[in-house]
Structures are given as C-alpha cells and as structure tokens.
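User: I'd like to learn how to read a few features off a protein model. Could you walk me through them one at a time?

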Amino acid sequence: MSMITEITLIAVVVAVACALPGVFLVLRGVTMVSDAITHTVLLGIVLAFFITQDLNSPLLMIGATLVGVATVWLIETIQRSALVSTDAAIGIVFPLFFSIAIILITLYAGDVHLDEDAVLMGDLAFAPFRRVDVFGLDMGPQSLWVMSVILVMNALFIFFFYKELKITTFDPAFAAALGFTPMIIHYALMTLVSLTAVGAYDSVGSILIVGFMVGPALSGYLLTHSLKKMISITVLIAVVNSVSGVQLAFFFDTTIAGMIAVVTGFTTLLVLVFSPRKGLYKQQLNQKRARKLLDKRIKTLT
Amino acid sequence: MKKESAIQIDKLTVAYEAQPVLLNISLAFKKGKMTAIVGPNGAGKSTMIKAMLGLVEPVTGEVVYQDVDQEAVSYKELKNRIAYVPQNTSVDWDFPTTVRDVVLMGRYGHLGWFKRPKNKDREIARQMLLKVGLPSFASRQISQLSGGQRQRVFLARALAQEADVYIMDEPLAGVDMKTEHIIMKLLKQLVAEGKTVLVVHHDLQTVEEYFDDIVFINQEVIAAGPVDETFDKQTVKKTYHRDRNLGEGE
C-alpha cells in the first residue's frame, strides 16, 4: 500500500469510528460532554503511563477510558447538585483534569513523546510509521488496527442496542418505566466515546475528534427524518470528508487532520444552509412564502 | 387488602432534598375504573405517578399492584402490564423518527433487551394507530404533528403495550376537541374491558362527565372517592387554596 492510501484508510476508519457514537451525542445534546472527554482522557493516559512506563501499553487505553467515564460522572454529579448548569459543570471538570495532565507531563514526562502539540492536533502523517509486525511480517499501521477494532465495537454496540439507544434517547422516562435503564445505556455510550477518543488521539488529536464526532452527525440530522438514514448519511459524510480532506492536505502540503476538520466544518455549514428539509435557506423561503400568503389573505379580507 | 383495588399506595412520602413533595399518601385505585388525579401545580401529581412507576425513589412507603391472580406484586414484576403516558412536552419532537416507530416503542417492553420488533408487533402498532385515527400519518416525521396528534400518538403507543393499567400524565392538556373526544372514547373502552385507568387531569369542568373516581392531591390526599360523592366545591377549594405549610413552598 502506498503511504497516501494508508493515510486515507486510517482517516476514514477514524472518521467513521467517531461519527457513529456522534449520532447519539448529537441527538442527546451532549456534544460538549464529548469535548470534555476528548481532553480529559489525556489525564488517564498520563496516569497509566506513570504506572507502566510504557507508551505502547494497552493499560494506557484502559486508564484513559476510565478517566473519560469519570469525567462524565463528575460533570453529571456537579450538574445534579443544581448549583450550576451543565455547561458550567463541563467548564469546571474539563480544564481541571486537562491541566493536571499537562502539569504532570511538563513536570515528569518532559522527555517522552507526550507533548501538548501532538495531543491537541495529533499527526496523521506519521501514523503509517508506527507499524504492527507479526513474526517479521508487516501487518500495516498500528493505528489502523486499533481504530478498526474500535470502529467494529461501536458498530456492534449500535447494532445490538439500536432499540435501547433509540428509546432512551427519545423518551428516557418512558424507557425507564419499561425497564430499560437509561443510565446503563448512557454510560455504555460514554465509555465507547472515551475509548474512541483515546484511540483516535494519536492520529487526529483531541480538538479534531470533536469535529469528527459532531460534524457528520449534525449533517445527518439535518438531512433526514429517520434514525437509520441519519446513521447511514452520517457515515457517508464522514467518509467523504476524510477522503477529500486527505487529498486536499496532500495537494496543499499541510496538516491532514486539520484539513479534514476544515472540510468537515465546511460540509456541515453547507448542509446547515442548504438542507432541503430544514436548512436556513429553506426556512427563509418558507417565511417569505408564508408572508406572501398572509398579505394575499389580508388583501382579500379588506 | 381489598380485592377490587388494582393499585394500593401505602404511606408514600417523596421528597426532593429536604422538601417533601408528597406526604404520607395512602390510596387505592379500583380495577375497571377511571380515576382523575387533580390538584394545583406543584401539588405532586406527576411525582406520585413517577413514584408509582419506580422513576423516583420514595423516602418511605410502597406501591403495590395486583396481578391477574390477585397476588400483590411490585411495579418491577408487573411493568409490562402497566402503560405510562408521560407529558408530551417531555420528549424531543425533532427526534428523527416516524409516527409508526413511536407507536412501535410501546412493544419494546414486551420484547426486552436485544430483541427486535416482529411482524406481530408492527401489526399491533398499525392497529393502534388506526384506533387513534392517525393511520395516514404512519410515515410522517413526528415534528410535523399538531399537539393533539402528538398526544394521540402517545396514547397509541400506550395501547400497543396491551397493559392492564394505564397511567397518564395530563393527556388532555392543550389538545383540540377532536383529540379529546378520541382519547376519552378509547379510555372508556379500556375501562369497559376491565382495565384500570389513572389520569392526571387539569380541567375541573369535565371531571363529572369523564371520570368514575377522583383523587384530590396537594402534598397530601385531600379527598378520594367516587366522583358523585367526593367532587364538590368545598373539596376543590380546600385542595386549590390550601396553604402549603410544609417546607417553604414555591
């Protein structure tokens, strides 16, 4: 495989893996919680690294996922106290965890590859250099494997718990009355979001993960009235964004993840304005039409 | 325990923090009757329903249901036999789903975890949508419905549960006349079939026309019994103009 093919493949897998849980984050209105998670998992990575002293240890992933879930729990506990709103609770927890991680890195891990730039932006261009080999056989880039596994997990979760995700998102009180504990589904989803965030960290960095999770899902939401179609459209848009993002990045010789994020932002805005069902343009059109109709009616009345 | 009561609430107290919302509620709801639950805003009507459905944890007291064999069981054991209609403001109507799908959700409880709806479930959902007079709306996105139509979709979902007990939170709030007629007609049918129907109700004008029994609530049970014996001006006044001397109020 050529390098650009490998990078494209990684980008597509990362984008789809993020977009799938993103669908439910958007529908539940908790996209900013995912923003917090994608940053606070760094604390888990750092803490696990201090224990294992090995950047390739799978413990890093577990530690990070646990901190991600702890983030959700803490945000919700603070918010339940009714002293502050959800966004304020996020504003308390996210910077606290993230800055502790940054302090720990600068104090004790200055010489290790755990620098803040890579954390925020990641580096897709270098992803193909970390490879998996089995008995001397090159099995392809490591991040492709990791993210593929996460992608499959996310897809299986949505496949098996589709009904449960749908009902707990749409009508939590009714779901709870039927015995589908919304809390279990919620934390399962948030665990997967954390795991996805950690996995995607290396290649795209935390800021862009949020874009990957929110952008395509939002486009899907604006383009259809069916949840199944929304998931399909979301995945499709995630693929289109990442493929064209990689191409453009190579063309302009610039950051790949950054370019995908720009493309993502651009397609999302495009859909926001031109969605044939709920787009801003359509809304304007409807308003004008309604106004004309009203004028006509008033004329016939007077 | 008296056999004709389908649901028994025993010394139920619910509080949010230090603020008691319901205090020492003891009630019995009769099988095959339609009962109105009335009281001013903040009287704890919705909270009582939620406690009955296990959605809020009571401080003390318990709610006991009777199954088909007249055995006393908890909500958990009977949840598939109880249909709950939340206030229709409680959900996101922009959610990407169709009317048909929402009604089908009424079957989810019977399916349990993992399992997918079968043709039989779809057929039941279709019939219930027909009953509430919205068969042509099946493929519509739910945001395109009027308030009354939304309420009817919620009722169709509850009917699809094929339950014994129907607990409804303000099903007639803000609905059109046509919807009100359809809902009341269907609820009366349920009662005629021997089901137990509880309705949080806000319109005192229609109490006598619609209901068999009534419960007046304002933190405590003010009065409860058959409408023709219990529903009078004094009780209404007592319920709605009662000083909330417990805690600090609103």
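User: Where does B:R100 sit in chain B?

Analyst: You'll find B:R100 in helix α3 of chain B, which covers residues 99-104. Keep in mind that this is a predicted model.

User: And is B:R100 buried, exposed or something in between?

Analyst: B:R100 has 41% relative accessibility, so it counts as partly exposed. B:R100 also belongs to a positive surface patch, together with A:K228, B:R116 and B:R122.

User: Next, aromatic rings. What describes a pair of them?

Analyst: Two things describe a pair of aromatic rings: the distance of the centres and the angle of the planes.

User: How many aromatic pairs are there over all chains?

Analyst: The count is 12. Take A:F157 and A:F161: their ring centres are 5.3 Å apart and the planes meet at 40°, so this pair is tilted. A:F157 and A:F161 are both buried. Another tilted pair is A:F274 with A:Y281, at 6.1 Å between centres and 50° between planes. A:F274 counts as exposed because its relative accessibility is 54%.

User: Which residues form one aromatic cluster with A:F157 and A:F161?

Analyst: A:F180 and B:W113 join A:F157 and A:F161 in that cluster.

User: Now backbone angles. What sign of phi should I expect?

Analyst: Most residues other than glycine have a negative phi. Here, B:K11 goes the other way with a positive phi near 45°, and B:K11 is part of strand β1, residues 5-16 of chain B. B:E162 isn't a glycine either, yet its phi is positive at about 45°.

User: Where is B:E162, and why does it count as partly exposed?

Analyst: B:E162 lies in the chain B loop between α6 (147-160) and β7 (165-169). Its relative accessible area is 35%, so B:E162 is partly exposed.

User: Last topic: how do I put sequence separation next to distance in space?

Analyst: Take the C-alpha to C-alpha distance and set it beside the number of residues between the two positions. For B:Q127 and B:T13 that gives 40 Å in space and 114 residues in sequence. B:Q127 is in helix α5 of chain B, residues 119-131, and counts as partly exposed because its relative accessibility is 38%.

User: What are the two values for A:F94 and A:I51?

Analyst: A:F94 and A:I51 are 43 residues apart in sequence, with 23 Å between their C-alpha atoms. A:F94 belongs to helix α4 of chain A, residues 86-108. With 18% relative accessibility, A:F94 falls under the 20% cut-off, so A:F94 counts as buried.

How values were computed. Residues numbered from 1 in each chain as written. Chains lettered and ligands numbered in written order. Predicted model: local features only at pLDDT ≥ 70, side-chain atom pairs only at ≥ 80, totals over all residues. Heavy atoms only, no water. Patch = residues over 30% accessible without salt bridge, like charges linked within 9 Å, V, L, I, M, F, W, Y side chains within 5 Å. Areas by Shrake-Rupley, 256 points an atom, 1.4 Å probe, with all protein chains shown as cover. Salt bridge = Lys/Arg side-chain N within 4 Å of Asp/Glu carboxyl O. Lys, Arg positive; Asp, Glu negative; His and termini not counted. Charge placed at Lys NZ, Arg CZ, Asp CG, Glu CD. Helix = DSSP H or I, 4+ residues; strand = E, 2+ residues; numbered from the N terminus. Buried < 20%, exposed > 50% of the residue type's maximum accessible area, 1.4 Å probe, protein only. Phe/Tyr/Trp six-rings, centres within 6.5 Å; stacked < 30°, edge-to-face > 60°.
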